[in-house]
Amino acid sequence: MMQQICLDCGMSVSETMRYCPKCDNALNLQHDGSTVTVDIAHQGERVSEALQKMQSEIDLARKGVAKCIRLVVGSGLIRDEVLLELRDLSFRGDILGFEPESFNAGAVMVRLK
Ligand SMILES: [Zn+2]
């Protein structure tokens, strides 16, 4: 079974647990303040491939300790579709929010925790 580490008390806990048995912290809300950057649009991806990549990267990142995931989406169709998809994820509560970067229109910051 996979283990995760409680960032609050350092206890090693089974991945399936939602609360730390030692300090009672909500494990799925813990983060280390970091941001992961993932490029989903610059290897000749089609829109559907880019969206799949985004979904799996978000799923992966939500299990990790990062606070945000930064999606590099380019400036074309992928970007438009990604923003629509993120709106859905946000409504469903899978992500906390998202915002296109003001200084770089080709990247979107997604708040996970
Ligand atoms: Zn703990």
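A residue counts as exposed here if 12 or fewer other C-beta atoms lie within 10 Å of its own, and as buried if 20 or more do. D24 has 11 other C-beta atoms within 10 Å and is therefore exposed. The model in which this count is made is a predicted one. D24 sits in the loop between β2 and β3, and its phi is positive, at about 70 degrees, although D24 is not a glycine.

The same loop, between β2 (12-14) and β3 (35-39), also holds T16. T16 counts as exposed because it has 9 C-beta neighbours inside 10 Å. From T16 to L51 the distance is 26 Å between C-alpha atoms, for a separation of 35 residues in sequence.

One loop earlier, between β1 (3-5) and β2, lies L7. L7 has 15 C-beta neighbours inside 10 Å and so counts as partly exposed. Apart from neighbours within four places in sequence, the contacts of L7 are with Q30, D32 and V65. L7 is 39 Å from G76, C-alpha to C-alpha, and 69 residues from G76 in sequence.

These positions can be placed in the overall division of the chain. Domain 1 covers residues 1-30 and domain 2 covers residues 31-111. The centres of the two domains, taken over C-alpha atoms, are 25 Å apart. Along the principal axes, the C-alpha atoms of the chain fill a box of roughly 50 × 30 × 25 Å. L7, T16 and D24 all have numbers that fall within the bounds of domain 1, whereas the two helices, α1 (47-63) and α2 (77-92), have numbers that fall within those of domain 2.

The secondary structure consists of 2 helices and 6 strands. In sequence order these elements follow the pattern β-β-β-α-β-α-β-β. Among contacts with a separation of 6 or more, 51% join residues that are 24 or more positions apart.

The two helices pack against each other, with their axes 10 Å apart and an angle of about 45 degrees between them. An angle of this kind is neither roughly parallel nor roughly perpendicular, since those classes cover angles under 35 degrees and from 65 to 115 degrees; α1 and α2 are therefore oblique to each other. Their crossing is right-handed. On the α1 side the contact is made by V47, A50, L51 and M54, and on the α2 side by L77, I78, E81, V82 and E85.

V82, one of the α2 residues in that contact, also belongs to the largest nonpolar core, where V82 is among the residues with the most contacts inside the core, together with L71, V73, V108 and V110. This core has 17 residues. At least two of them come from each of α1 (47-63), β4 (68-72), α2 (77-92) and β6 (104-111). In soluble globular proteins, nonpolar side chains tend to be buried together. Over the chain, 18% of the 113 residues count as buried.

V73 shows how the core is connected to its surroundings. Not counting residues up to four places away in sequence, V73 touches I40, A41, I78, R79, V82, G106, A107 and V108. Two of these partners, V82 and V108, are themselves among the core residues with the most contacts, and another, I78, is one of the α2 residues that meet α1.

Methods
Residues are numbered from 1 along each chain as its sequence is written. This is a predicted model: local features need pLDDT of at least 70, side-chain atom pairs count only at pLDDT 80 or more; totals for chains, interfaces and linings use all residues. Domain bounds come from an automatic or database domain assignment. A nonpolar core is a set of buried Ala, Val, Leu, Ile, Met, Phe, Trp, Tyr and Cys residues joined through C-beta atoms within 7 Å. Helices (H or I, at least four residues) and strands (E, at least two) are DSSP runs, numbered from the N terminus. Two residues are in contact if their C-beta atoms, placed from the backbone, lie within 7 Å. Axes are lines fitted to C-alpha atoms, for helices over the stretch in contact, and angles run from 0 to 180 degrees between N-to-C directions. Angles under 35 degrees count as roughly parallel, over 145 as roughly antiparallel, 65 to 115 as roughly perpendicular and the rest as oblique. A crossing is left-handed if the near helix is turned anticlockwise from the far one by less than a right angle, and right-handed if clockwise.
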